Amino acid sequence: LDSLSKEPIAAGSIGQVYKGTLPNYGDVAIKVQRPGIRKTVEKDATLLHTIATFLESFQFPNWIPIKSLQIDRILGSTSMLIGKGTTKIVNTVDEFTARVLEDMDFQKEMSNMQLFADMYCHRRGVSPDVKVVVPELIPQLSTRHMIIMEWIEGTKLTDICMSCDNDQSSSEVEENLALVKEAIEMTLSQLLTTGLVHSDPHTGNLLKVKRPSTTNGKKKNKPELGYLDFGLVNTVSPRFQDGIVCATCQLVFARNIEAVADLCVDLGLLPEDKLKDADERKRFKEALEKAIDDVLIWPKDKKGRSTAIPKIRFENALPAFSNLIANFEFTVPPYFLNNARAIATLEGIALKLDPNFNIVRVIYPHSINHLMKNPSISSKSEETFLDICRNPKTRLFDHGQFMKLLNDWSLLTGYRKRKIYWDLITSIGTRRVMSRIFKESLMKRVRFVEELCHKHILIHWERGWALA
């Protein structure tokens, strides 16, 4: 106990972290839960549930404009959720409080920590794509209210030396930005490949850790990414992975709102029977298109043509989604909310270091890579791949569309064309779809020959008729 720091090294709403030293373990971090915090949160959860139930019970007639009641002055953008029969405020509030209570479960956090380390730790992780620094848990000394783990020495990704000269400061910004981009890449890999995601990667939970390494016989400290706080680690289903990949490609590459609307079912945002009614489907598509226009910025060049990659306006996301929630049975599952928050948090860190950073330029190539390789051999990914490569008029495979997709894949990932072709040849998912592409290409040629023959027959017939 004498080795404990007098003041907490870090503090949050549910606990504090102290530094100490233990024989045979060295420096350790001791995370202690605040006394009585669970009862306080449970009381707050009950109060929020009661308020949500009260608000959800409102059923204003359509002729009463809710804005005239000035509810928005109190509740902000969430006022759009009130007075609609399809709104599920109680479910949303209950999901939120459930996540808070989950974050307070230290037994669950220790289990999450072990799972995350087994998958991604630089020492023993099995993932070939993600290698990060994860502190070693000391389970025999940890309890329901206290976690003891290895002390990781590092700095925040937003910490920049203000007293250093411009060159050194600029170098540090570039180094930190590279780690943030790496964190985004790793989060996307967790989300789309392994399915085990750290859903709370804010500035207090990500560290720049300098680890000794040897390059060309020279020893130096290599900056690596370190993760802390494993209260919110969630598992993503393959159906959600395919849904987010397909929706991204349909939106960015094809700008197919109709397809994105259908994929909302796969993402768990809409009930399966919601889009069966033609009028309701049309209404939802129009509302979704408006929400997307509010959230995405499609920059225009001097000729007035939109560029390929849009930017996300996260500040518009809540009002846009609130409108969908208010008017449809649109729900936001906890895993969707957690993953969206993780991506938004990382983008916020990147924007502090580089105001021109665009997270879609990172998400989109990851999605193309997943779609083209189709590692899970998903029929949904297969259909989406074919759909975005088809001619909108003939609905047959279009070689030009296919090459455009390959160019996007190459340019945005930095991969050479040879690697892309090799990945296509060796991927099981791609080999499955190639046979369908061959059939559609053959059918396209057959149709061309049929049209040509028909044209020549018609010409000869007209000439014969004229001679007669």
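Helices here are DSSP runs of at least four residues, numbered from the N terminus. With that in hand, let us walk through this predicted model.

We can begin with the whole chain. It has 468 residues, of which 41% count as buried, and its secondary structure comprises 15 helices and 11 strands. Distant parts of the sequence often meet: among contacts between residues at least 6 apart in sequence, 63% join residues at least 24 apart.

How far can you trust what you see? The mean pLDDT of the chain is 79, and 81% of its residues reach 70 or more. Confidence is highest in strand β4 (residues 146–150), at 94, and lowest in helix α2 (residues 72–75), at a mean of 44. Over residues 61–81 the pLDDT is below 50, and the model gives this stretch 26 contacts beyond near neighbours in sequence. A second stretch to read with care is residues 302–306, where pLDDT also stays under 50. Here the model has 6 contacts beyond four places in sequence.

Now to the interior. The largest nonpolar core has 92 residues, and V132, Y227, F284, L288, F330, M372 and L405 are those with the most contacts inside it. Helix α5 (residues 166–194) supplies the largest share of this core, with 9 residues. To get a feel for the packing, find F330: leaving aside residues up to four places away in sequence, F330 touches C264, L269, L270, F284, F321, L324 and I325. There is also a second, separate core of 5 residues, including A52, L55, I89 and V90.

C264, one of the partners of F330, leads us to helix α7 (residues 257–266), which is mostly covered, with 8 of its 10 residues buried. Those buried residues are I257, A259, V260, A261, L263, C264, V265 and D266. Their cover includes α6 (238–254), α8 (278–295) and α12 (379–388). At the start of α7, a side-chain oxygen of N256 comes within 3.2 Å of the backbone nitrogen of E258. Just after the helix, G268 takes a positive phi of about 80°.

C264 counts as buried because its relative accessible area is 4%, under the 20% cut-off. C121 is buried too, with a relative accessible area of 0%. A disulfide is a covalent bond between the sulfur atoms of two cysteines. How many disulfides does a search of the whole structure find? The search finds 0.

Our last stop is helix α13 (residues 399–413). At 1.5 Å a residue, its 15 residues should span 21 Å, and the end C-alpha atoms are indeed 21 Å apart, so the expected and modelled spans agree. D398 caps the N-terminal end of α13, placing a side-chain oxygen 2.8 Å from the backbone nitrogen of G400. At the other side, α13 is followed by G414, whose phi is positive, near 85°. The buried residues of α13 are F402, L405, L406, D408, W409 and S410. Among them, L405 is also one of the residues with the most contacts inside the largest core.

W409 offers a link to another helix. N369 lies in α11 (residues 360–373), and beyond residues up to four places away in sequence, N369 touches W409 and Y415. Is N369 buried or exposed? N369 has a relative accessible area of 18%, which is under 20%, so this residue counts as buried.

Notes:
Residues are numbered from 1 along each chain as its sequence is written. Side-chain values use heavy atoms; hydrogens and water are left out. Helices (H or I, at least four residues) and strands (E, at least two) are DSSP runs, numbered from the N terminus. The expected span of a helix is 1.5 Å times one less than its number of residues. Buried means under 20% relative accessible area, exposed over 50%, partly exposed in between (1.4 Å probe, protein chains only). A polar contact is a pair of N or O atoms within 3.5 Å; within protein, one must be able to donate a hydrogen and the other to accept it, and residues adjacent in sequence count only if both atoms are side-chain atoms. A nonpolar core is a set of buried Ala, Val, Leu, Ile, Met, Phe, Trp, Tyr and Cys residues joined through side-chain atoms within 4.5 Å. Contact means heavy atoms within 4.5 Å. A disulfide is a pair of cysteine sulfur atoms within 2.5 Å. pLDDT is the predictor's confidence in each residue, from 0 to 100.
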